[in-house]
Amino acid sequence: MKIVSWIFLLSLFLNSCSKKYLLIPPSPESRLSITKELTYIENTDQTDRKKGFFAIITNSKKGKLIYKRDSIRAGRVYQLYSSDSIKKDNDKFAAGLVLFHSNYLSYNKLAYAIFEDLEENGKTTGAKLNGENWKQLVYKHTLKP
């Protein structure tokens, strides 16, 4: 079992060595439909998390660059939210996820509110459950006193 753990950690480290994914803009350079833009932002966020996991937890130079990219993404999502453009369940989920990954408490509180809205007003049972689960996760990891 220890060998599997070491192989997993080694693969995380090796994946985090490549920086090619960081050349992709964190937010699209041209405006797309709200859904396509949020999908793009969510995908870059998830790629940064997966490939940069080791850099994030060690807070290396590359990890700091990922945090900067998180700020850019969260800022754009906040603009979309402020203009009341986020209407669909999938868009709400993507927005909440990106805001949850930011380092700003105000954005984490907004992520909580978005997930709470998804839980209460989601169109499907899956959306409502996602909202409930992620709301609890945000509270547990960023808002709990």
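In this predicted model, ring pairs tie Phe 93, Phe 100, Phe 115 and Trp 134 together into a cluster. A search through the whole structure turns up 6 aromatic pairs. One of them joins Phe 93 and Phe 115, whose ring centres are 5.9 Å apart and whose planes meet at 55°, making the pair tilted. This pair links distant parts of the chain, since Phe 93 belongs to helix H5 (residues 89-100) and Phe 115 to helix H6 (residues 105-121), with their positions 22 residues apart in sequence. Both of these phenylalanines are buried.

Phe 93 also pairs with Trp 134, but here the geometry is edge-to-face: 5.6 Å from centre to centre, with 85° between the planes. Once again distant parts of the chain are brought together, as Phe 93 sits in H5 while Trp 134 sits in helix H7 (residues 125-143), 41 residues away in sequence. How do the two partners fare for exposure, buried or partly exposed? Phe 93 has a relative accessible area of 17%, so it falls under the 20% cut-off and counts as buried. Trp 134 comes out at 21%, so it counts as partly exposed.

Right beside Phe 93 in the numbering is a charged-type name worth a look: Lys 92, also found in H5. Lys 92 has a relative accessibility of 13%, and therefore counts as buried. Setting aside residues up to four places away in sequence, Lys 92 touches Ile 86, Lys 87, Ile 114, Asp 117 and Leu 118.Next comes the nonpolar core. The largest one has 21 residues, and those with the most contacts inside it are Leu 38, Val 77, Ile 86, Leu 99 and Ala 111. Which helices supply at least two residues each? They are helix H2 (34-51), helix H4 (61-82), H5, H6 and H7. H5 gives the most to this core, with 7 residues. As for Leu 38, once its neighbours within four places in sequence are left aside, its contacts are Val 77, Leu 80, Ile 86, Asp 91 and Ala 94.

H7 can be checked for length and for sidedness. At 1.5 Å a residue, its 19 residues should span 27 Å, and the C-alpha atoms at its ends are 25 Å apart, which agrees. The buried residues of H7 are Ala 127, Gly 131, Lys 135 and Val 138. These cover an arc of only 75° around the axis, so they lie on the same side of H7. The general rule behind such a pattern is that an α-helix has 3.6 residues a turn, so residues three or four places apart point the same way. On the other side of H7, it is Thr 125, Lys 140 and His 141 that are exposed. And what lies over the buried residues of H7? The cover includes H5 and H6.

Last, there is Arg 69, placed in helix H4. With a relative accessibility of 5%, Arg 69 counts as buried. Arg 69 and Ser 102 are 33 residues apart in sequence, while in space their C-alpha atoms are 9.2 Å apart.

Key: Residues numbered from 1 in each chain as written. Predicted model: local features only at pLDDT ≥ 70, side-chain atom pairs only at ≥ 80, totals over all residues. Heavy atoms only, no water. Phe/Tyr/Trp six-rings, centres within 6.5 Å; stacked < 30°, edge-to-face > 60°. Helix = DSSP H or I, 4+ residues; strand = E, 2+ residues; numbered from the N terminus. Buried < 20%, exposed > 50% of the residue type's maximum accessible area, 1.4 Å probe, protein only. Contact = heavy atoms within 4.5 Å. Core = buried A, V, L, I, M, F, W, Y, C linked by side-chain atoms within 4.5 Å. Expected span 1.5 Å × (residues − 1). Arc of directions from axis to C-beta.
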